[in-house]
Amino acid sequence: MIPAHRNAHSATHYSGPRNRRRTAAAAAALSAALLLSSCAGGSASSGGGSDEAGDPVTGGTLEFGRVAAVTDLDLNQQITANNAFAIDKIFEPLVSFDAEGEIVPWLAEYEASDDGLTYTFTLRDGLAFSDGAEVMPADVVYSLERHIDVGGPLPLEAPIESITASGEQEVTITLTERYTPFLSELASFSNGIFPENFGGASEEEFFQDPIGTGPFAVEEWDPNGDLTFVKNEHYWQEGKPYLDSLVYKLVADDTQLQQQLSAGQLDAIDDVPAANADQVDAGAGTVLSQTSGWSTEQVFFNTQREQFADERVRRAVAFALDREGITQATTFGTAEVANALLPPTITDSANETVEPLDFDLDAARAELAKSEFPDGFSVTLMLASGDSQRAQIAQIVQESLAQIDIEVEIEQLDIAAFRERFFAYDYDFMLNSGQSDAPDPNGFISFQADPEGFSKSYWTHYTNDRVTELMHRGRVTAEGEERTEIYREIQQTLADDVPYIPLFFPANLKATRDDVHGFTVLPNGSVRFEDTWIAGGSR
């Protein structure tokens, strides 16, 4: 789960790679790795240029505009998209998912035992890190065990009994019980592979200039500004990445992103406001990328606040909000109204069967009358600044709740302050989004409904013993009707209890210049830049 798309905090400036080596991988090993490129999980372009662009062109620098800087590259400690989608260019997991959300082999092929307790992973021949050192089973063991020790916001929660180097290219993971979301969980960027013992560097030194198997390596990094990647010359996918370098350019807000793209100052941008999607699509020299995602835009309640500890109040707010009207007014046809928490693109979404609390002012007033606050009250709605869509949603929420005597003050904070506040439960209610980083429902549900998890039910502190019981059952139940019913009941209970109100499922809206091709957007919103190329190479 990736809860917020923007964050920033002060940090030191780092630049320049270390020339760190273990035993150098032989050129023959690299050649063998390249021969396996046909097994790569890359998908067809989801945007950028024409499908008839011809053969990929090698070379050039792509400048990618984003509204938040990359502040930390420790894959086991990070969760927000600004960091996660830089980390996944450097580190890669054993398995991944494609543009359709299907789990695919990545650094390794795998086999599972019939009882679902043993998974055997065979590393690709000649697999190397970006410094040329061969990837060994011991690196895999060290990486995954370090993640288990650290825990972090996206912990490896599978009931792992052991991780062993069981052969020259083989790693065996044994579970204590069947765990249905295991491969989906393992596909997270947080399970990327890096050198054993950080290749001899200290932990701090390593994550200032990390070494991984990904398509790019860090060349220069300002945690308050831009990040420049260079191609990994030892990458296992033959001929990729096509780009010589990739620059994450920090841009102040989404309006400037679009302006700089239109002016040709940027090659691609990470976010297009829904209100501007048609303009970008019709623009001279720009191409809109619109794909389905794993994200849900929501109103979150701090259930530690006395007003929102009252379920009747939360239900009143839900009845007072016209989700369909909000979606139409703020997404301009690019999103789908949410009835349930899980997007339809996630396995076992119950969006078609859950009965939500639909817009009904009479029902809203009736619920409030039964609450501890029948005469209304005043609260503050918190959101991050710089997001025009959420600012519009906030105004609609304010106007809607005024009709049931709830006075709403809107508070917009810079993203660092916003995150600090809701991480500390210092808010009444807020606008934010939940985004899965895997196709299985367990990750999304656990992040938003587990009172003992990292986020304490997405910083709402919501607790429901029945939901907790079902959540644990869902993890060990095989895929099928029984598991689907478990997650349907969870989603219906969440719709009834309303610790948050799912508003809509936004599309991934990004854009490129028309000479950018192979711009593959994944359901979690990340871009597979190893597939991307610029017609004519460098400008």
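In this predicted model, strand 16 (residues 377-384) and strand 18 run parallel and are joined by 2 bridges. One contact point is easy to pick out: M382 has M430 of strand 18 as its bridge partner. Strand 18 also pairs with strand 14 (residues 295-301), but here the two run antiparallel, with 7 bridges between them. Within that pairing, V299 sits opposite L431 of strand 18.

So how much of strand 18 is buried? Of its 7 residues (429-435), 7 are buried, so the strand is largely enclosed by the rest of the structure. In a regular strand, side chains take turns between the two faces of the sheet. Strand 18 shows two such sets: F429, L431, S433 and Q435 point one way, while M430, N432 and G434 point the other, and all of them are buried.

Next come the aromatic rings. The count of aromatic pairs comes to 38. Two numbers describe a pair of this kind, namely the distance between the ring centres and the angle between the planes. For Y110 and F121, the centres are 6.2 Å apart and the planes meet at 40°, a tilted pair. Y110 belongs to strand 5 (residues 108-112) and F121 to strand 6 (residues 118-123), so this pair ties together parts that are 11 residues apart in sequence. The two partners can be told apart by their surroundings: Y110 is partly exposed, at 27% relative accessible area, whereas F121 is buried, at 0%.

The pair made by F300 and Y458 has another geometry. Its ring centres lie 4.1 Å apart and its planes are at 25°, so it counts as stacked. Because F300 is in strand 14 and Y458 is in helix 15 (residues 456-459), the pair ties together parts that are 158 residues apart in sequence. F300 is buried, with 0% relative accessibility, and Y458 is buried as well, also with a value of 0%. Both rings are members of one aromatic cluster, which also takes in F418, F422, F423, F447, F454, W459 and Y500. An aromatic ring can have a charge over it too: the charged end of R528 sits over the ring of W106, 4.2 Å from the ring's centre.

That leaves the pairs of opposite charge. Side chains of opposite charge can pair when their charged atoms come close, and the structure holds 21 salt bridges. In one of them, D270 meets K510, with the closest N and O atoms 2.7 Å apart. This pair links distant parts of the chain, 240 residues apart: D270 lies in the loop between strand 12 (268-269) and helix 7 (277-282), and K510 lies in strand 20 (residues 508-513). K510 is buried, at 5% relative accessibility.

Another salt bridge joins E367 to R315, where the closest N and O atoms are 3.0 Å apart. It links helix 11 (residues 361-369), home of E367, with helix 9 (residues 311-320), home of R315, across 52 residues. Both E367 and R315 are buried.

R475 and D450 form a salt bridge as well, at 3.8 Å from N to O. Here R475 sits in helix 16 (residues 465-476) and D450 in the loop between helix 14 (441-449) and helix 15, 25 residues apart. R475 is buried, with a relative accessible area of 8%, and D450 is buried at 8% too. Finally, some salt bridges share partners, and these join R305, E411, R421, D426 and D428 into one network.

Note on methods. Residues are numbered from 1 along each chain as its sequence is written. This is a predicted model: local features need pLDDT of at least 70, side-chain atom pairs count only at pLDDT 80 or more; totals for chains, interfaces and linings use all residues. Side-chain values use heavy atoms; hydrogens and water are left out. Buried means under 20% relative accessible area, exposed over 50%, partly exposed in between (1.4 Å probe, protein chains only). Helices (H or I, at least four residues) and strands (E, at least two) are DSSP runs, numbered from the N terminus. Two strands pair if DSSP finds at least two bridges between them. Rings of Phe, Tyr and Trp (its six-membered ring) pair if their centres lie within 6.5 Å; planes under 30 degrees apart count as stacked, over 60 as edge-to-face and the rest as tilted. A charge sits over a ring if NZ of Lys or CZ of Arg is within 6 Å of the ring centre and within 35 degrees of the ring normal. A salt bridge is a side-chain nitrogen of Lys or Arg within 4 Å of a carboxyl oxygen of Asp or Glu.
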